[in-house]
Every structure is written in structure tokens, then in C-alpha cells.
Amino acid sequence: MNPFQPIGAAIINFLESLGKLMQFAYLGVSHGLRRPFYFRLILKQMIDIGYYSLPVVGLTTLFAGMVLALQSYTGFARFSAESVIPNVVVLSITRELGPVLAGLMIAGRVGAAIAAELGTMRVTEQIDALQTLSTNPYKYLIAPRLIAGITMMPLLVLVGDIIGVFGGYIVGVYKLGFNHATYLQNTIDYLEVMDVVSGLTKAAAFGFIVTLMGCYHGYYSKGGAQGVGSATTNAVVSSSILILISNYLITEMFFSL
Amino acid sequence: MMLNAISNNAIPKIRMRDIYKKFGDKIVLDGFSLDIWPGESMVIIGGSGSGKSVLLKCMLSLLQPDSGSIEIDGEDITKMGESDRARINAKIGMLFQHAALFDSMTIWENVAFSLIQGKIMSPIKARDLAVEKMAEVGLGADICDLNPAELSSGMRKRVGLARAITGNPEILFFDEPTTGLDPIMGHVIDDLIIKCVRNPCVTGLSITHDMKSARRISDKITMLYNGKNIWSGSTDMLDRSGNDYVHQFINGLSDGPI
């Protein structure tokens, strides 16, 4: 057997899957931009993805902000630079930790749920039934989730940013002895619009990635309960990896601006 | 159930010609051809894995055949765009093997799905019509607000049938309608199918390997084997088909060419 054959087959499989994913994304987005719009379904997804994820994102960013304040104090105290802790906390949260941590948590909560729901619909022929009832599944199932993911993630991250900064504030004031007015002043003074904008741009991209991967793996799942399980795992793993990769690419893009 | 419709119509309701479909190296449909005339109730029989479900999915445009044509009312659906397919799908009602009810919706929302999504009528009117259709398949209004998970498999199948007939389709497809049901419920579902396809405006196509059910609900039977149409004829002729494959299959014999 030719030793290059499995390598070639793997590359072809990868390219084939990539093409399939691109086509799926195109169909999902294009149907999201064309009438008819299922406003009720979009609203339902917005509540599922946005409102019900608030506690998870809030807790994650709160503790991330608190830990960040403590850890930066450990480091900066060695250079007598404790005063920059509010700046470090707010920049880290808005530019990086807020969107990335929220993205990863949403990948676990929402991406898995979407893949499981659509996967079950696929293996129980509910998606086929939709088509026979003259309803386009891309328009009915995929587009509302993509729209909700893209719009709700920035809002979630914005709330998460505020909670994360508040977590740093609590530790800074009540544990590290900062004056509360000085802490808030430093936080606001060094925060620029671009810091928040770059974080929210990432959030929108992560929202798209999480919902797209959840929909894609669920839509193409097969083989009963095991297939749905694999779809769920693949959705979470692939969206987490893509979040980390795209995080670098978006950071690089804003870095060059 | 009317065979005399054939003489009055030159165009079959469904015409399949030389359909090929393969998955990887496995050929599932190998030049399958069949005509189904308006008002007929056709049953396609065949063993598990013989390609019956793939054939049905091709007719529903859920799968695209590799080659060949499938015409409904003279229009080739294999070459149609999205909007034309939706127009053709509106003529079709489908009862899935396990009913395929939407588990996020109540029973009446399932039955009235096409009416509400197509904005054909208001939800209040759609609910009334759903109750009417449910009564046609022997279901009471008391289950309207239940979820599909709360029903038995026989009741789910009836709801699936009510959903299939809600849009008054010209063609009804039934995928293994009696699979997984006890004999009495199987008979009840058969009677409901006969009631639906007895309407001269409705053409029925069922796929099954339940021979008792096939004999009850069909005017004509076709046997699918290795992706080919190996025998087609009226139900009365089934026992005198002269085909060894058909003989073995309908009698459930372990010895034979299959």
C-alpha cells in the first residue's frame, strides 16, 4: 500500500468537510437575509442564547475579574506598580477574557444544545418532515440561530465585561486596599472605545462560530443516539478551537489598525 | 382506489425513469422505473436495505438521484429550483415511519404546521381545522394540547397521518406505515390509509415489507430488489406473479433466489 494514500485521503476528507461547512454557512446566512423571516423563532433563540446564558457568563467573568486583580497584584507589586491593576483588569477583560471566556462557555452551553436538538431532529426525520411540509430547514432552523448568536453574544459580552470589571473592583477595594474612587477613575481613564469595540467584534464572530458549528454538526448527524452524542462533542470541540484561532486573527487585525 | 383513471389520463401522476443512486461504491437504485397513475394506491415491497426508503427520499427531493428522472404531473422534479419544489411538495403529504412529529410543538400545532407556517390561515382557524383532521383519523380534541412524547406510537402515527392530510394533498406517501405497531393498531392504520387513498383525487404510494398490510392497502404492488423494479402488477396477481423472487418474499421463505 502506498504510504501517501492515507495522508492524501485525510487531506481530501478535510477539504471536502471544509467545502461542506462553507456551503452550509453560505446557505444559512443567505436564508437569514431573505424573506420570509421567522421573527418568533428568532426571538425564542435570542432568549435561549442570550437571556438564559447570562448567569453562566456573569459568574465566569465575575470570577475571572477577581482572579485577574489578585494575580496582577502579585506580579505588579514586585515592581511597585500596583496602581496599574485597574487598567490591567479592564483591558484584559474587555479585549480578551470577556469575549473568549464567554465564547467558550457559550460553546459548551449553547453549541452543545443546538447540536443535540438538531441532531435529534435529524435522526428522528423531523428535518425531513419540515422539507415535506414546504418549509426550508435553513430558513426555519439555521438562520434564526445564526442571527441570535451574532446579535446576542456582543450583548452578553458587554454585560460580562461590566461584571468582570466589577469583580476586579471588589477585590481591588475590599482585599487589596484600593481607594474605590481612584480604582474607578483609573479604570475609566485608560479605557478606549477601541478596547470595547474589538472585544464586541470578537463576541459577534464567536457567536457566529458557536451557532454555526452547533447547527452544522447537528444538521449532518447520523446513526441514532451515538451520532447525536458525537455531533454534540464535535460541535463543542470544533467551536472552542475555532474561537481560539479566530481570537488570534481578530486580535492581529485590530493590532495592525 | 381507481384503476379506470389510467385510460382517461395520458400522463402518470408519478413517472420514474432509470433512476440510479449510489452511496460510495454501493449501488442502491440501479435503473429503477415505475409509473403510478392518478387515483392508484401503489405499494412498493422489498427487503430491508433494498432501496425503498432511498427511492421515497428521491421522490420527496430529500435526496438527488445520480441520474434518471422523476416526474410528478409531467414535471421533472430532479431539475427543479427551490420554489418549484416547494410548489410540488405542497401537493404531497407524507407519513413517516415513526411519524416524525415536531417534539417542540403540541399535537394541534404539529397537525396545523403547514397552515400556520404558510400563513394560509390564522392560528385560531388552523386549530379548528387541525381538530377536524384529527377527528378524521379517530383522535379527539382532548389531546390537542399534549406533546408528542405523551402519546403512544399508534396515536403518534395517527397524528402524523392527520398532519399529512391537512393540506388536502393529491399524493400521499407512507413509509412503513404499520412498522412497530401491534396487529390491531396496524389494521386501524391500514383502514385509515384506505380511507385516504379511496378518494379518487388522491394517489397513494406506500413502502413496506409487511405483506398483510401491503395486500390490504394496495391496488398495485411493485417489488424492488437490488435497486431494480423486478415485478409490477395488480395486487390480485401477486400470488400468480410467476416471479421466484416475489414468491419467496411474499411467502417469507428462507430458500430461494434472494
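User: In what order do the elements of chain A run from the N terminus on?
Analyst: In this predicted model, the secondary structure of chain A comes to nine helices and zero strands. Read from the N terminus on, the elements of chain A therefore can be written with a single symbol throughout, given how helices and strands are assigned here. The order is α-α-α-α-α-α-α-α-α.

User: What box do the C-alpha atoms of chain A fill, and what percentage of its residues count as buried?
Analyst: Taken along the principal axes, the box filled by the C-alpha atoms of chain A is roughly 65 × 55 × 35 Å. Among contacts in chain A with a separation of 6 or more, 88% are between residues 24 or more positions apart. Chain A has 257 residues, and the share of them that counts as buried is 44%.

User: Which peptide bond of chain A is cis, and where does its proline lie?
Analyst: The cis peptide bond leads from A:Arg35 to A:Pro36, and its omega is near -5 degrees. As for the place of A:Pro36, this residue lies in the loop between α1 and α2 of chain A.

User: Is A:Phe37 buried or partly exposed?
Analyst: A:Phe37 is found in the loop between α1 (4–32) and α2 (39–49) of chain A. The C-alpha atom of A:Phe37 is separated by 8.5 Å from that of A:Pro144, although these two residues are 107 residues apart along the chain. Since a buried residue needs 20 or more other C-beta atoms within 10 Å, and A:Phe37 has 15, A:Phe37 is partly exposed.

User: How many residues does the contact take from chain A and from chain B?
Analyst: On the side of chain A that touches chain B, the residues divide by class into two nonpolar, six polar and two charged. The contact takes 10 residues from chain A, and from chain B it takes 15 residues.

User: Why is strand β3 of chain B largely enclosed by the rest of the structure?
Analyst: In a regular strand the side chains alternate between the two faces of the sheet. In β3(B), B:Ser41, B:Val43 and B:Ile45 point one way, B:Met42 and B:Ile44 point the other way, and all are buried. Strand β3 of chain B, residues 41–45, is largely enclosed because the number of its five residues that are buried is five.

User: Which residues are the partners of B:Ile44 in β8(B) and of B:Ile45 in β9(B)?
Analyst: β3(B) pairs with strand β8 (residues 203–208) of chain B in the parallel sense, over five bridges, and strand β9 (residues 220–225) of chain B runs parallel to β3(B), to which it is joined by four bridges. Within β8(B), the bridge partner of B:Ile44 is B:Ile207, while in β9(B) the residue opposite B:Ile45 is B:Met223.

User: Which strands are at the edges of the open sheet of chain B?
Analyst: The open sheet has six strands with mixed pairing, in the order β6-β7-β8-β3-β9-β10 of chain B. Each edge strand pairs on one side only, and these strands of chain B are β6 (92–95) and β10 (228–234). Ignoring direction, neighbouring strands of this sheet are turned against each other by an average of 15 degrees.

User: At what angle does helix α2 of chain B run to β7(B)?
Analyst: Helix α2 (residues 52–59) of chain B lies across four strands, namely β3, β7 (171–175), β8 and β9 of chain B. With respect to β7(B), the helix runs at about 150 degrees.

User: How are α6(B) and α7(B) oriented to each other?
Analyst: Helix α6 (residues 123–136) and helix α7 (residues 153–166) of chain B have axes that come within 9 Å and cross at roughly 120 degrees, and the crossing in which α6(B) passes α7(B) is right-handed. B:Leu129, B:Ala130, B:Lys133, B:Met134 and B:Glu136 of α6(B) meet B:Ala162, B:Ile165 and B:Thr166 of α7(B), a contact with five nonpolar, one polar and two charged residues. Angles of 65 to 115 degrees would count as roughly perpendicular and those over 145 as roughly antiparallel, so α6(B) and α7(B) are oblique.

User: What is the phi of B:Asn226?
Analyst: B:Asn226 is found in the loop between β9 and β10 of chain B, where it is partly exposed, with 15 other C-beta atoms within 10 Å. Although B:Asn226 is not a glycine, its phi is positive, at about 50 degrees.

Terms used. Residues numbered from 1 in each chain as written. Chains lettered and ligands numbered in written order. Predicted model: local features only at pLDDT ≥ 70, side-chain atom pairs only at ≥ 80, totals over all residues. Buried ≥ 20, exposed ≤ 12 C-beta atoms within 10 Å, placed from the backbone. Helix = DSSP H or I, 4+ residues; strand = E, 2+ residues; numbered from the N terminus. Pairing = 2+ DSSP bridges. Axes fitted to C-alpha atoms, helices over the stretch in contact; angles between N-to-C directions. Contact = placed C-beta atoms within 7 Å. Parallel < 35°, antiparallel > 145°, perpendicular 65-115°, else oblique. Left-handed = near helix turned anticlockwise from the far one by under 90°. Nonpolar A, V, L, I, M, F, W, Y, C, P; charged D, E, K, R; others polar.
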